[in-house]
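Student: I am new to this structure and would like a close look at a single part of it. Please take one residue, say where it sits, and then work outward from there.

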Amino acid sequence: MRSSFFGNLDQGQFPGHFALQNPKMLRVQLNGEVLARQGSMVAFQGQMDFDYEGSGGVGRFLKKMVTGEGAPLMRVRGQGALFVANNADDVHLFYLENEAITVNGTNLLAFDPQLGWDIQRLQGAGIATGGLFNTTIQGTGWVAVTAHGAPVLLDTSHAPTFADSQSAVCWSAGLHVGVNRTLKAGALIGRGSGEAAQLAFQGQGFVLVQASEGPIIPQTGG
């Protein structure tokens, strides 16, 4: 896997059309098609068509209905320069080489159409526990993700690693991922209250963690 996080990404050495226009905007030099998050287009030059991308099968459709996971996608076809972004979050690129990566649906920005994708449920997580259904992408090609604030890349190879489910942007698909629960009454860890839960990562690989747990919904009093 190639990424600037690993210091092994020289875009001139790899096929494809993904490049950072700036830290918060992806430029796709399109001569064919690409899958991108719905509503992420901020500008384009050339001739392009934008179509809603369905779930691609009954299984994925049912998972999306039950879990709410999976970024709403659009398929963009045409020729020219496409510019995509999401809430001015930082954009980061990964180039897969017959590999797989798991991405939090809220952080998925765009990927090459030849890559396969599916919604995966983390073992040990109930449907009522938020953020524990994620999108796994595999094959050879580009994946662009977003992160709110400067993220940290954690090596999971040497010690168990834990992250808030809303802060984990993406991770190696081969990791064993479970749920760590804080059972102390009144414990406040991450965004949780009462019983808090974090993702627990073990194995050879990495997890990318953003500097945010997502928007905080203000409490209203009566």
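Tutor: The model shown here is predicted, and a good place to begin is Thr146. Thr146 is buried, because its relative accessible area is 1% and buried means under 20%. This threonine belongs to strand β9, which covers residues 133-147.

Next come its surroundings. Not counting neighbours within four places in sequence, Thr146 is in contact with Asn86, Asp89, Asp90, Val91, Thr106, Asn107, Leu109, Val169 and Gln210.

Strand β9 also leads to the nonpolar part of the model. The largest nonpolar core has 19 residues. Phe94, Ile101, Phe111, Ile137, Val143 and Cys170 are the residues with the most contacts inside this core. Two or more of the core residues come from each of these elements: β6 (90-103), β7 (108-111), β9, β12 (168-172) and β15 (206-209). In soluble globular proteins, nonpolar side chains tend to be buried together.

Ile137 shows what the contacts of one such core residue look like. Leaving aside neighbours within four places in sequence, Ile137 is in contact with Leu96, Glu99, Ala100, Ile101, Val103, Leu108, Phe111, Leu115, Gly116, Trp117 and Val143. Among these partners, Ile101, Phe111 and Val143 are also named as residues with the most contacts inside the largest core. There is a second, separate core of 18 residues, and Ala36, Met48, Val91 and Leu93 are among its members. Val91 has already appeared as a contact of Thr146.

Two asparagines deserve a look for their backbone angles. Most residues other than glycine have a negative phi. Asn87 has a positive phi of about 55° and is found in the loop between β5 (73-84) and β6. Asn87 is exposed, because its relative accessible area is 67% and exposed means over 50%. Asn98 has a positive phi as well, near 55°, but Asn98 is found in strand β6 rather than in a loop. Asn98 is exposed, with a relative accessible area of 67%.

The last stop is Asp118, in strand β8 (residues 116-121). Asp118 is partly exposed, because its relative accessible area of 24% falls between the 20% and 50% limits. Asp118 and Asn134 are 16 residues apart in sequence, and their C-alpha atoms are 8.4 Å apart in space.

Technical notes. Residues numbered from 1 in each chain as written. Predicted model: local features only at pLDDT ≥ 70, side-chain atom pairs only at ≥ 80, totals over all residues. Heavy atoms only, no water. Helix = DSSP H or I, 4+ residues; strand = E, 2+ residues; numbered from the N terminus. Buried < 20%, exposed > 50% of the residue type's maximum accessible area, 1.4 Å probe, protein only. Contact = heavy atoms within 4.5 Å. Core = buried A, V, L, I, M, F, W, Y, C linked by side-chain atoms within 4.5 Å.
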